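Thanks for making time this morning. I would like to walk you through one model, and I suggest that you keep it open on your own screens while I talk.

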Amino acid sequence: MEKIEYEIDSKNKIGFGLKELWDNRELLYFFTWRDIKVKYKQTVLGVLWAVLQPVILMLTFTLFFNHSLGVKSGSIPYPVFVFSGLIAWNVFSNGVSNAGSSMVSNAGIIKKIYFPRLIIPISAILVALFDFFIAFLIEIALLFYYHVSFSIPTMLVCVSVSMLITLLSGFGLGCLLASLNVKYRDFRYIIPFLLQIWMFATPVLYPISFVQNKIIATILNLNPMVGAAQLSRAFIDGTPVFNSEVLLSLAMSLVFFFGGLAYFRRTESYFADIA
């Protein structure tokens, strides 16, 4: 008797697969909630770690960069300046790190059943976004503590666009690294090193005006997180929301998003074989 084999796979290899993702929305919720619970399981402080990490870094950077090295932050108190940049950066950093290793860490379930593989990196990004909302409450408290005036509508616009740039670029880069990490396990060592360098190429600890060299400033502006970091403070320092640097960052985030997505969709068919 002739043996018949069936292959269960995605019908659409080109697009984002929105219909397929919507049909599996409960699975996306399951993966996201599972990752949140695993992250804080058996920890004494639980979700407070989402606050402690940027707060401790804020205090450290304020001591060394502001008090010791004299790095200024314009009209914004330096703790507010660095904290607003850190919570935006942490979404990108944690999202890319988690998404980049997500396919390998979920190899067991990938080999057993078919489901939209994009669910895994999306859930990794959503976990990072969950941490942002908790840390953002601390930023609001800091604004009141330092008596920094701000407009709530402007804040909502700036933070929303900042998160849009951060999530688009983080998701695109995360998908690219997730695909590469499946085939080349060297990327498990490259990702942390890459993110360390990337942080210092992002105006988290210093204002972008601190960079005087025009060539270096031009290269840095190709980093989508430059605009995201600036927008995270724009509602405080009065920076125009849609200036040239922000528009360039938005454009670069779309390049990251579609480039990473295209590579992920092109290579996802062999994930189950070599993950």
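Leu-247 sits in helix H12, which covers residues 244–267, and I should say at once that what we are looking at is a predicted model. With a relative accessible area of 45%, Leu-247 is partly exposed, and together with Val-157 and Phe-242 it forms a nonpolar patch on the surface, for which the combined accessible area comes to about 280 Å². Helix H12 also contains Ser-244, and that residue counts as exposed, because its relative accessibility is 60% and the cut-off for exposed is over 50%. If you measure out from Ser-244 to Asn-24, the C-alpha atoms are 39 Å apart in space, and the two residues are 220 apart in sequence.

Let me turn to helix packing. Two packed helices are described by the angle between their axes and the distance between the axes. For helix H3, residues 49–68, and helix H4, residues 78–100, the axes come within 9 Å and cross at roughly 130°, so H3 is oblique to H4, and the crossing is right-handed. H3 also packs with helix H7, residues 119–145, at an angle of about 50° and with the axes 8 Å apart, which makes H3 oblique to H7; the crossing of H3 and H7 is right-handed.

In the loop between H7 and helix H8, which spans 152–183, you will find His-147. Its phi is near 55°, a positive value in a residue other than glycine, and I mention it because most residues other than glycine have a negative phi. His-147 is exposed, at a relative accessible area of 72%.

Finally, how many salt bridges does a search of the whole structure find? There are three, and I will take them in turn. Asp-23 and Lys-19 meet through their side chains at 3.1 Å, N to O, and because they are four residues apart in helix H1, residues 18–23, about one helical turn separates them. Of that pair, Asp-23 is partly exposed at 49%, whereas Lys-19 counts as exposed at 64%. Asp-35 forms a salt bridge with Arg-34, with 2.9 Å between the closest N and O atoms; Asp-35 is partly exposed at 21%, and Arg-34 is partly exposed at 26%. In the remaining pair, the side chains of Glu-268 and Arg-265 meet at 3.1 Å, N to O, and here Glu-268 is buried at 5%, while Arg-265 counts as buried at 3%.

Methods: Residues are numbered from 1 along each chain as its sequence is written. This is a predicted model: local features need pLDDT of at least 70, side-chain atom pairs count only at pLDDT 80 or more; totals for chains, interfaces and linings use all residues. Side-chain values use heavy atoms; hydrogens and water are left out. Patches are made of residues with over 30% relative accessible area and no salt bridge: like charges are joined within 9 Å, nonpolar side chains (Val, Leu, Ile, Met, Phe, Trp, Tyr) within 5 Å. Accessible areas come from the Shrake-Rupley method with a 1.4 Å probe; for residues, only the protein chains shown count as cover. A salt bridge is a side-chain nitrogen of Lys or Arg within 4 Å of a carboxyl oxygen of Asp or Glu. Helices (H or I, at least four residues) and strands (E, at least two) are DSSP runs, numbered from the N terminus. Buried means under 20% relative accessible area, exposed over 50%, partly exposed in between (1.4 Å probe, protein chains only). Axes are lines fitted to C-alpha atoms, for helices over the stretch in contact, and angles run from 0 to 180 degrees between N-to-C directions. Angles under 35 degrees count as roughly parallel, over 145 as roughly antiparallel, 65 to 115 as roughly perpendicular and the rest as oblique. A crossing is left-handed if the near helix is turned anticlockwise from the far one by less than a right angle, and right-handed if clockwise.
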